[in-house]
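Let's get to know a new protein together by working through a few short exercises. Have a look at the sequence and the structure first, and then try each task before reading its solution.

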Amino acid sequence: MTLPDLTLPQMLRERARTDAQRIAIRQKDFGIWKPFTWAQYHQRASHFGLGLRALGLPAGGHVGVISENRIEWVLAQMGAGLVGAVTVGVYPTSPTNEVAYVVGHADIEIMVCEDQEQTDKLLAALPELPRLKKIVVMETKGLRSFAPEVRQFITTFDEVEQLGAASGQQAIIDDALARQRLDDVGLMIYTSGSTGKPKGAMISYRNIRGVVPGIVDRLELSRETTHLSYLPLCHVAEQMLTSFVPVYIGSQVNFGESIRTVQEDLREVAPTMFLGVPRIWEKLHAAIHIKLQETGGLRRALFHKAYNACKPLAEKPRSAWSAADKLTFAASYWLVFRALQNFIGLRNAHVALTGAAPIPPDVVRFFRVLGVPLIEVY
């Protein structure tokens with residue numbers, strides 16, 4: 001696959017020009033999936049980036065984000081990139097001392113927080129963070145509880161967007177993108193710190209562009225690919241599938257309501273690509289077995305007959321299936337497996353991935369028998 005020699009922010013601008021009305025992102029709020037086009041994605045990111053500049057963020061400055069996956073995460077990241085700044089992700093599950101370390105070590109000047117819980121972590125560590133100028137909060141619930149002197153240090157995500165929209169400084173973005181090069185750093189990813197303090201890996205736009213062709217070709221992705229984003233965007237694996245690949249090939253990303261609603265969101269989105277850590281696959285595996293225990297004896301017997309008949313096919317490439325193998329799987333699929341794939345939301349999945357840690361072999365085999373194309377990546 002050949003890609004244009006454009007940085008990620010430059011490519012977002014190009015995507016908004018060529019695919020303006022195609023759906024780039026869908027976000028679920030209060031049970032409703034709200035779509036955003038590439039034009040809206042670019043426009044909102046531009047407004048947020050200009051708002052950051054209006055708050056005093058310099059070119060090359062560092063913006064931190066601590067939040068679960070949602071559209072505001074990528075708007076902050078792309079907005080920062082559009083004005084020549086660098087984004088640093090912080091794990092939302094981190095306690096105050098770990099958050100303070102990353103924010104201080106990365107010289108973050110503006111921090112984008114999801115809610116009051118994340119804001120409180122920063123406020124508790126303010127004396128240790130002399131470079132931090134402003135906190136931007138996505139969800140405004142609870143802001144009234146802050147004292148006036150603290151509230152002056154905080155602004156809302158909407159207010160930053162509005163500030164950028166009213167600035168009329170589009171030339172700032174045009175100038176930043178004209179000067180942006182592939183060797184510029186666009187993202188900082190911190191390690192887990194398991195062997196000491198977390199270390200920041202500086203990811204250049206050349207790094208970002210460089211991994212996309214291999215992922216697209218190996219996983220056979222296209223602009224028709226759909227993805228459910230829920231694993232932390234502080235990690236490069238989710239960044240690849242939520243930010244890097246979609247912007248370069250024009251595919252669609254879906255943000256559910258929460259990490260706790262993944263199974264429900266999967267059923268509603270039915271993505272063509274899915275990345276799950278072992279515990280997610282184990283949860284899906286358990287959910288199916290619980291349903292099997294709750295159903296009638298005839299259905300259980302039908303499942304076990306189909307499963308046992310197709311088990312030998314799980315380790316056999318489809319190109320090597322005989323006519324009898326294909327007939328056996330087709331009958332099992334239409335009678336049993338199709339309903340189970342619908343139940344877990346993976347009927348449309350052309351590729352499913354797991355990694356980060358070993359997954360029990362029986363779980364891998366189970367999904368492959370059901371026809372889910374599960375690949376282990378280590």
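The exercises below go from the whole chain to single helices and then to one residue of a predicted model.

**Exercise 1. The whole chain**

Task: Find out how many helices and strands the protein chain has, and work out how compact it is.

Solution:
- Start with the elements: the protein chain holds 15 helices and 14 strands.
- Next, take the radius of gyration, which is 23 Å, close to the 21 Å that the globule rule gives for 378 residues, so the chain is as compact as a globular protein of that length.
- For the overall dimensions, the C-alpha trace spans about 70 × 45 × 40 Å along its principal axes.
- Then look inside: 53% of the 378 residues are buried.
- Finally, among contacts with a separation of 6 or more, 69% join residues 24 or more positions apart.

**Exercise 2. The two sides of α7**

Task: Decide which residues of helix α7 are buried, and where they lie around the axis.

Solution:
- Helix α7 runs over residues 157-167, and its buried residues are Phe-157, Val-160, Glu-161 and Gly-164.
- These four cover an arc of only 100° around the axis, which means that they sit on the same side of α7.
- Turn to the other side of α7, and you meet Gln-162 and Ala-166, which are exposed.
- Now ask what the buried residues pack against: the partners are α2 (38-54), α3 (71-82), β5 (110-113), β6 (134-137) and β7 (154-156).
- Just past the end of α7, Gly-168 has a positive phi of about 65°.

**Exercise 3. Where α2 meets α3**

Task: Describe how α2 and α3 cross, and which classes of residue make their contact.

Solution:
- A pair of packed helices is described by the angle between the axes and the distance between them.
- Here the axes of α2 and α3 come within 7 Å and cross at roughly 65°.
- The crossing of α2 past α3 is right-handed.
- On the α2 side, the contact residues include Tyr-41, His-42 and Phe-48, while those of α3 include Ile-71, Leu-75 and Met-78.
- Sorted by class, this contact has eleven nonpolar, four polar and one charged residues.

**Exercise 4. A residue in a loop**

Task: Is Asp-19 buried or exposed?

Solution:
- First place Asp-19: this residue is in the loop between α1 (8-18) and β1 (23-29).
- Buried means under 20% relative accessible area.
- Asp-19 has 10% relative accessibility, so Asp-19 counts as buried.
- Leaving aside neighbours within four places in sequence, Asp-19 is in contact with Trp-38 and Arg-223.

Notes
Residues are numbered from 1 along each chain as its sequence is written. This is a predicted model: local features need pLDDT of at least 70, side-chain atom pairs count only at pLDDT 80 or more; totals for chains, interfaces and linings use all residues. Side-chain values use heavy atoms; hydrogens and water are left out. Buried means under 20% relative accessible area, exposed over 50%, partly exposed in between (1.4 Å probe, protein chains only). Helices (H or I, at least four residues) and strands (E, at least two) are DSSP runs, numbered from the N terminus. The arc is that of the directions from the helix axis to the C-beta atoms. Contact means heavy atoms within 4.5 Å. Axes are lines fitted to C-alpha atoms, for helices over the stretch in contact, and angles run from 0 to 180 degrees between N-to-C directions. A crossing is left-handed if the near helix is turned anticlockwise from the far one by less than a right angle, and right-handed if clockwise. Ala, Val, Leu, Ile, Met, Phe, Trp, Tyr, Cys and Pro count as nonpolar, Asp, Glu, Lys and Arg as charged, and the others, Gly among them, as polar. The radius of gyration is taken over C-alpha atoms; the globule rule is 2.2 Å times the number of residues to the power 0.38.
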